[in-house]
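Thank you all for coming; I would like to walk you slowly through one protein model this morning. Please have a look at the sequence and the structure first, and then we will go through them together.

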Amino acid sequence: MFNEASSGGSDHAAILNILARARPERLKAFAETLLDGADGGINVIANRTGLVMVPMRDTVENVDFHLGEVLVSEAHIADGAGHVGYGMITGRDLERAMAMAVIDLCLAAGGHDRAIADFLADEKHHLQAEDELRMRQVEATRVEMETF
């Protein structure tokens with residue numbers, strides 16, 4: 001549905017994952033720089049908050065179930081040439097979802113340029129560092145049950 005034909009696949013999913021977890025202030029500031037150079041208009045198709053179900057799998061019973069609902073902000077935009085951009089983040093931050101959609105639209109319209117590639121690389125590196133720190137914190141709380 002969203003950029004699947006032109007740039008879909010695991011690369012696009014990985015990029016959307018980076019954008020969804022990017023630092024909000026950097027994401028918004030970078031999207032503003034992209035809007036400054038945008039030609040023509042951008043049509044807002046959807047810009048809203050809502051609740052989505054979170055699917056999970058019970059690995060013991062091997063069945064799917066819904067864990068609950070999560071509040072999300074969603075933005076769906078298109079340019080005059082028919083390229084679409086999409087952004088969805090958890091929480092109530094429509095500006096952040098719109099910033100994500102603007103960057104996704106620029107990727108769909110023009111592919112990767114140097115500025116977008118640098119931004120994505122910086123955010124990916126930051127997220128990897130955050131994940132590593134979190135895993136260290138989790139590891140510190142691990143209990144060996146056999147020592148009890």
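**Confidence, fold and a few contacts**

Over residues 1–7 the pLDDT, which is the predictor's confidence in each residue from 0 to 100, stays under 50, and for this stretch the model has eleven contacts beyond four places in sequence, where contact means heavy atoms within 4.5 Å. This is a predicted model, in which local features need pLDDT of at least 70 and side-chain atom pairs count only at pLDDT 80 or more, while totals for chains, interfaces and linings use all residues. Residues are numbered from 1 along each chain as its sequence is written, and side-chain values use heavy atoms, with hydrogens and water left out. For the protein chain the mean pLDDT is 89, and 89% of its residues reach 70 or more.

Let us turn to the fold. The protein chain has five helices and three strands, and these are DSSP runs numbered from the N terminus (helices are H or I with at least four residues, strands are E with at least two). Reading along the sequence, we meet them in the pattern α-α-α-β-β-β-α-α. Among contacts between residues at least 6 apart in sequence, 53% join residues at least 24 apart.

How much of the protein chain is buried? Buried residues make up 30% of the 148 residues, where buried means under 20% relative accessible area, exposed means over 50%, and partly exposed is in between (1.4 Å probe, protein chains only).

Now consider Ser73, which lies in strand β2 and is buried, with a relative accessible area of 0%. What does its side chain reach at 2.6 Å? The side chain of Ser73 reaches the backbone oxygen of Gly91 at that distance, 2.6 Å, and it also reaches the backbone nitrogen of Asp93 at 2.9 Å. Leaving aside residues up to four places away in sequence, Ser73 touches several others, including Arg48, Thr49, Met88 and Ala97.

Asp93 brings us to the salt bridges, of which a search of the whole structure finds ten; the term means a side-chain nitrogen of Lys or Arg within 4 Å of a carboxyl oxygen of Asp or Glu. Lys28 forms a salt bridge with Asp93, with the closest N and O atoms 3.2 Å apart. This pair links distant parts of the chain, since Lys28 is in helix α3 and Asp93 is in the loop between β3 (84–90) and α4 (94–110), 65 residues apart. Lys28 is buried, at 15% relative accessible area, whereas Asp93 is partly exposed, at 22%.

A second salt bridge joins the side chains of Arg26 and Asp122 (3.8 Å, N to O). Arg26 lies in helix α3 (residues 24–36) and Asp122 in helix α5, so the pair ties together parts that are 96 residues apart in sequence. Arg26 is partly exposed, with a relative accessible area of 31%, and Asp122 is also partly exposed, with 41%.

Helix α5 (residues 114–140) also holds Ile116, which is buried at a relative accessible area of 2%. The C-alpha atoms of Ile116 and Ile103 are separated by 7.8 Å, although these residues are 13 apart along the chain.

Finally, which kind of accessibility does Leu67 have, buried or exposed? Leu67, in strand β2 (residues 63–79), counts as exposed because its relative accessibility is 58%.

Terms used:
Polar contact = N/O pair within 3.5 Å; in protein donor to acceptor, adjacent residues only side chain to side chain.
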